[in-house]
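Visitor: Please take me through this structure, and justify each term as you apply it.

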Amino acid sequence: MTFRTIIEPFRIKTVEPIRQTSRAERASALAEARYNVFLLQAEDVLIDLLTDSGTGAMSVYQWSGMMKGDESYAGGRSYAAFERTVRDITGFAHVVPTHQGRAAEHILFSTVVRRGDVVPNNTHFDTTRANVQDRGGVALDLPIAEGHQPQSAHPFKGNMDVAALERTLADNRGRVPLVMLTITNNSEGGQPVSLANVRAVRQVCERFGVPLFIDACRFAENAWFIKTREEGYADHTPLAIARELFALADGCTMSAKKDGMSNIGGFLAMNDGELARQCRTRLVLTEGFPTYGGLAGYDLEAIAVGLREALDEDYLRYRIRSIEYLGEKLLAAGIPIITPTGGHALYLDAKRWLPHIPQSEFPAWALSCVLYVEGGIRAAEIGSVMFGRQPDGTERPADLELVRLAFPRRVYTQSHVDYVAEVLLYVNSLVSRIRGVRIVEAPEVLRHFTATFAPAHEALIAS
Ligand code: F0G
């Protein structure tokens, strides 16, 4: 007999208590945080779905690996283990450790991007966009049309528009230092990219002599989607799929805080030895010696083990299913979400759910505030606060107004997911009373992290 219930494929050995708060306590905590959930004390949050980055639970094998951490300044054993694993999975010859993903992006872009250059991506994550712009480059998003259609059932909504890439490369000869593909496509709903699309992008890049880099943060989740959705891959292991994908690229940037299953870390990997030499020169300036790159030896051990655990089929099945399970409950209640559900997160579609709030009053941001006040759930806006401010200082509403419920890896169980669904169903009952917010103060870049807000009308939730 095969049983249908997909269980958490682990048992819990260490627990971290979470604290219940009253609605009144949460309302005052949010006011104190100036209506920005990034500014809350984490202790005041019950279910923290702000990000899946660095928030996962490590396994006994990772913890025991950490005890073996070699803290030698140069040539440490832990670096060798880390390098071996990254090479084995990605096939890239040169592995440069960094303290997290954006450090890898910063080193790569500050080495290859010049003022006026164009860097196409299926969709840039906010840190790659900011790092390209910081170099005076243009961060260009080329998602397929379905990527912008929350209800499209396309199995690979994270794909890049290959014809648009071709036009971009033809129109900008000599000004495109690299093309990037973000897997999964976080900013478009955690949606996967198919191997067929990577192959097509590769061919165009080759034709124009432009290298292809993968933003590989969620490469294991992407591999699972390929296995379960792309024809011909059902019998392939996630590892074999990941290898096939990386073999189509010239390098990658990686945040090990996602599918590295670690609390910190990242890397930059590539085949071009001269580029690796230049990147290492920069690494020594900002991160550290090339065999630790801003990390402790024990971090490198945790990542070496974590990268393999992320490719485990039982884990991936549970991971992707728990988000799909939440999605099914919300769809049954008529709550608009991005479908199909993504790899690391479920995305609420605030534009459809709160059509009465104009984009100038940040409907997704307001919704993130309400989820906290009503249920102690913390989630991130991916909408006009994150993307609305243009490099020239003007304001342009984002295409989508989303709230992302990102699930830390191996942290929450099915009853936590049931609770989240119950809160969302309750919020659905008061949704027409939710009002917008206005910005009080905001920095020029990555404003969502630190901006302060106030209700745009007399209260966040009208009586
Ligand atoms: N690329 C993607 C697709 C990401 O999602 C992130 C981080 C990064 C790069 C940067 O990595 O945080 O290690 O510097 N995303 C987190 C998130 C912060 O919540 O989605 P980092």
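Visitor: Why are Phe362 and Phe453 called buried or exposed, whichever applies?

Guide: Both Phe362 and Phe453 are buried. The word buried means under 20% relative accessible area, exposed means over 50%, and partly exposed lies in between, with a 1.4 Å probe and protein chains only. The model is predicted, so local features need pLDDT of at least 70 and side-chain atom pairs count only at pLDDT 80 or more, whereas totals for chains, interfaces and linings use all residues. Residues are numbered from 1 along each chain as its sequence is written, and side-chain values use heavy atoms, with hydrogens and water left out.

Visitor: What makes Phe82 and Phe267 an aromatic pair, and of which kind?

Guide: Rings of Phe, Tyr and Trp (its six-membered ring) pair if their centres lie within 6.5 Å; planes under 30 degrees apart are stacked, over 60 edge-to-face, and the rest tilted. By this rule there are 11 aromatic pairs. The rings of Phe82 and Phe267 are 5.8 Å apart, centre to centre, with 80 degrees between the planes, and the pair is therefore edge-to-face. Phe82 belongs to helix H3 (residues 77–90) and Phe267 to strand E8 (residues 266–270), 185 residues apart. Helices (H or I, at least four residues) and strands (E, at least two) are DSSP runs, numbered from the N terminus.

Visitor: How do you know whether Phe82 and Phe267 are buried?

Guide: Phe82 has a relative accessible area of 0% and is therefore buried. Phe267, with 2%, is buried as well.

Visitor: What makes Phe362 and Phe453 a pair that ties together separate parts?

Guide: Phe362 and Phe453 form an edge-to-face pair, 6.4 Å centre to centre and 85 degrees between the planes. Phe362 lies in the loop between helix H13 (350–353) and helix H14 (363–375) and Phe453 in strand E13 (residues 452–455), so the pair ties together parts that are 91 residues apart in sequence.

Visitor: What makes the approach of Gln100, Arg102 and Arg404 to the ligand a polar contact?

Guide: A polar contact is a pair of N or O atoms within 3.5 Å; within protein, one must be able to donate a hydrogen and the other to accept it, and residues adjacent in sequence count only if both atoms are side-chain atoms. From an oxygen atom of the ligand, a polar side-chain atom of Gln100 lies at 2.9 Å and one of Arg102 at 2.6 Å. For Arg404, an N or O atom in the side chain is 2.7 Å from an oxygen atom of the ligand.
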